[in-house]
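Here is a brief report on aromatic rings and on the contact between two chains. Please have the structure open while reading.

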Amino acid sequence: MSLLFFSMIPENRETITDLEENNMKEMNYDTAIIGGGVIGCAIARELSRYDLKICVSEREEDVCSGTSKSNSAIVHAGYDAVPGSLKARFNTEGNRMMRELSKALDFSFIRNGSMVICFSEKDIPALNALYEKGVKNGVPDLSILTGDEVRTMEPNVTETAVAALYAPTGGIVCPFGLTIALAENACDNGVEFLFEMEVKDIRKTEHGYDLISEDKVIHTSYVINAAGVYADEFHNMVSEKKLRITPRKGDYCLLDKEAGTLVSHTIFQLPGKMGKGILVTPTVHGNLLTGPTASDVEDKEATGTTAKELSDIMVKSAWGVKNIPFRHTITSFSGLRAHEDGEDFVVGEVPDAAGFFDAAGMESPGLTSAPAVGVYLAELIAQKANAKKKEHFQETRKGIVNPQKLSFEQRAEMINKDPSYGTIICRCEGVSEGEIVDAITRTLGAVSLDGIKRRVRAGMGRCQAGFCTPKTMELLARETGKKIEDICKNRTGSNLLTGKR
Amino acid sequence: MTEHDIVIIGGGPAGLAAADAARKAGIEDIMILEREAYLGGILNQCIHNGFGLHTFKEELTGPEYAVRYIKMIEEENIPYLLNTMVLDIGRDKVLTIINRGEGLTTIKAGAVILAMGCRERPRGALNIPGFRPAGIYSAGTAQRLMNMEGYEVGKEAVILGSGDIGLIMARRMTLEGARVKAVAELMPYSGGLKRNIVQCLDDYGISLKLSHTVVDIEGKERVTGVTLAAVDEKRKPIPGTEEHYTCDTLLLSVGLIPENELSKGAGVQLDEITSGPVVNDRLETSISGIFACGNVLHVHDLVDYVSEEASLAGTSAVSYVKPRKEKTPSSQIKIKAAGGVRYTVPQYLDAENMEDQVKVRFRVSDVYRDRYISVYFDSERVSHKKRKVLAPGEMEQVVLKKESLAKYPDLKQIVVCTEVE
């Protein structure tokens, strides 16, 4: 197999000469990570402990712009995965790591516990099997509750619930907070982030690989493929053992904070005769989230919601939880799970492509697993590269201060020092100018409205940016020196205005 | 902590009229709290005309109407704080406020007037499927960007919802050179004023597609098109009726929600239909000394009625702070909406202490032709007036007189309803 690559080298060299003539920017790294989602950022952060030159290549304008931003935001306990699988291993490890990590990197994580509701006596054996699987996977403190016990803990669970698997270690996390924290910390530790760089081709070279985009060539010894639903395409550029990732679309409805206390645990439904259910969970921000649906799609960009799926959410979520006030829905969205044919994560060095590491097929429980996958791959690469740990690794990161979590005196003092914390820009979420400016000007600061929204929640509340859009646009233009008509919602081309008079 | 006799939350049309009325009723110590950088509220972005026909007997633009009230406030030296947001209304009417100058402070109010206005329902409230690109605006946001900041929000637009802001924006975008391809309305009737349909759509040849909705939004970066479909009587899209429109902008004018998060925090009881506080004839909420007026109370069509209502809230707050006479204890009479009337404001009336006359405002739940508006005192019909057309988009009112109520000392309930005959 390696012969094949060697035979490609002369051709490669020619290409690179062509590239130079085309004014391609050349860059050299020890390790290049494709994808700035939660997986790529977790690997970047762990790898930045070592004395290596690392970059993250991300095609969007910000990290956390693909599957990492559109998911259930759940830290799974770990009873779902097949014992012995990578999913099982990284899920339980990731779950164990999350509390420490949330403290070190200052993002929101709540261990609220989860329940898998069983609706029929006939399904109890399946519930018990799930319990056994959890025990095998090393999930602590699992128990089976009766329907009445469930309703005592969660009064809004339906009368049809006959039993539930209870996992107190289940949790909820801010997926933006987690990903952005990992990225910022990686950046603080020297990782370079190359945004709006879409890798079009990968070539094997004498010393590693070249990642080629429209205007850049990255020469690197090692590649980590954390490209989400596109990971198969990159893998297949270097390996004969092909992967196939099918985007499995899931729609969600997010409800107003008014509905946020309907349940306190994450409520799953045991797959039964009615099919796979829909989860209902509070979010770390106090909203209520329901979803996801599951439909396999061909298009890796198909993040549009459909009427059928949105209506499915409303019907199926009601099986488990009653009185969900869907009239308080503030937004709906859709995410694509990267489902690989092998049904498991694909993590590690590609056997027929030395120096090329996959983190592919990272569907659920990918978010939970990210920290553990990061540690695993970082150690693997460091060992291979014979890299030493840095002397001055910055272990912690401070998030953007949320003044609403301060005491009255502390908050008053904060405004005293910096009056911009006294101007509220987003009234629904109570976000001040100071927080938005921090989001824009800090490490890997926001460059788009969505970037601001994911960092400080401006525009994420009940009016969905109706009131704050004009003001946030102005702040972004002011702080970045951009023209207002160049301000985008997210990637290039998503301009909010079509002109200025 | 500072103290004021009356604190008014919101310096829009409701807050300004309430302040003016309170001052004229003899209260010196008033404070208006406004979260924007200027008084006048949403009127500032409503640069079209049609305001003030009732109040000033002439046709003004929104900013002109606002300026009339701002001048009164300035002349009366009523103090106000701009860029100031109320974070919380606590017990004993202690307000937590935030701004750049004072930072985080508290104000103790003798009486509070809620005048925070309303917000627009977002896309999620209708669960419109499709992508989430740039170019989807609530109509009011687009109106602000165009009229106050001077930006162009789009070149080709489809508008969903025929509420007044949607209709006004159809004309406004057309005047600014954009092409408005259609206005779709889910209901079989428009939610806006008749005059706006004529002046904003008909006069510009923009089609109003009743019983239609958006069933898909396309575009990964910016909107590239939307699909409209007809809906059946259950408001479900009818397969096969889809029509595609190429456009870069979708404006949503799909309803307004009174902004009552503060009221809720204070424990004020809200009406499920209006989403505003339940009030009595003095516009006092379930918490004594807290009054409500304008769009935070219920969504209005005409600012003139907002001003009138707010004046009542202002004078009522004054009577609360400085009672001129001992209030005779009395029971609250429930005003019930029935038979095609969706709600009434106020919801309660205090016959003993009421003014000489009380206006009860309401909306009907469907379009009715040749129907009567009736008022019952318990089982006795006391008023019965025929109307050619009644529509949900136009607020209605009946007037209750103290002298007629005096004849019913044991009255338990007042019913406002529509009747076929």
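The text below covers ring pairs, charges over rings and the interface, in that order. The model is predicted.

**Aromatic pairs**

Over all chains, the count is ten aromatic pairs. One of them joins A:Phe193 and A:Phe195. Their ring centres lie 6.0 Å apart, with 20° between the planes. This pair is stacked because planes under 30 degrees apart count as such. The two partners can also be read by accessibility. A:Phe193 has 12% relative accessibility and counts as buried. A:Phe195, at 25%, counts as partly exposed. The cut-off for buried is under 20% relative accessible area.

A:Tyr222 and A:Phe357 make another pair, with centres 6.5 Å apart and planes at 65°, so it is edge-to-face. This pair links distant parts of the chain. A:Tyr222 belongs to strand β12 (residues 216-225) of chain A, and A:Phe357 to strand β20 (residues 353-360) of chain A. The two residues are 135 residues apart. A:Tyr222 is buried, at 14% relative accessible area. A:Phe357 is buried too, at 0% relative accessibility.

Chain B has an aromatic cluster as well. B:Phe56, B:Tyr65 and B:Tyr69 form it.

**Charges over rings**

Two arginines place their charged ends over aromatic rings, as tabulated here.

| Charged residue | Ring | Distance from ring centre |
|---|---|---|
| A:Arg427 | A:Phe467 | 3.4 Å |
| B:Arg361 | B:Tyr305 | 4.7 Å |

**Interface of chain A and chain B**

How many residues of each chain are in contact with the other? Chain A contributes 53 residues, and chain B contributes 47. Interface size is often given as the accessible area lost when the parts come together. Here the area buried between chain A and chain B is about 4300 Å². Carbon and sulfur atoms give 52% of that area.

Charged and polar links also cross between the chains. There are seven salt bridges between chain A and chain B. One of the seven pairs B:Arg100 with A:Glu433. The closest N and O atoms of B:Arg100 and A:Glu433 are 3.3 Å apart. Polar contacts between chain A and chain B come to 20 residue pairs, both residues at pLDDT 80 or more.

Which elements of chain A supply at least two residues each to the side that touches chain B? Three helices do so: α8 (307-320), α10 (408-417) and α13 (469-480). Strands β18 (329-340) and β23 (499-500) of chain A do so as well.

Definitions and conventions: Residues numbered from 1 in each chain as written. Chains lettered and ligands numbered in written order. Predicted model: local features only at pLDDT ≥ 70, side-chain atom pairs only at ≥ 80, totals over all residues. Heavy atoms only, no water. Phe/Tyr/Trp six-rings, centres within 6.5 Å; stacked < 30°, edge-to-face > 60°. Buried < 20%, exposed > 50% of the residue type's maximum accessible area, 1.4 Å probe, protein only. Helix = DSSP H or I, 4+ residues; strand = E, 2+ residues; numbered from the N terminus. Lys NZ or Arg CZ within 6 Å of the ring centre and 35° of its normal. Contact = heavy atoms within 4.5 Å. Buried area = accessible area lost by both parts, 1.4 Å probe. Salt bridge = Lys/Arg side-chain N within 4 Å of Asp/Glu carboxyl O. Polar contact = N/O pair within 3.5 Å; in protein donor to acceptor, adjacent residues only side chain to side chain.
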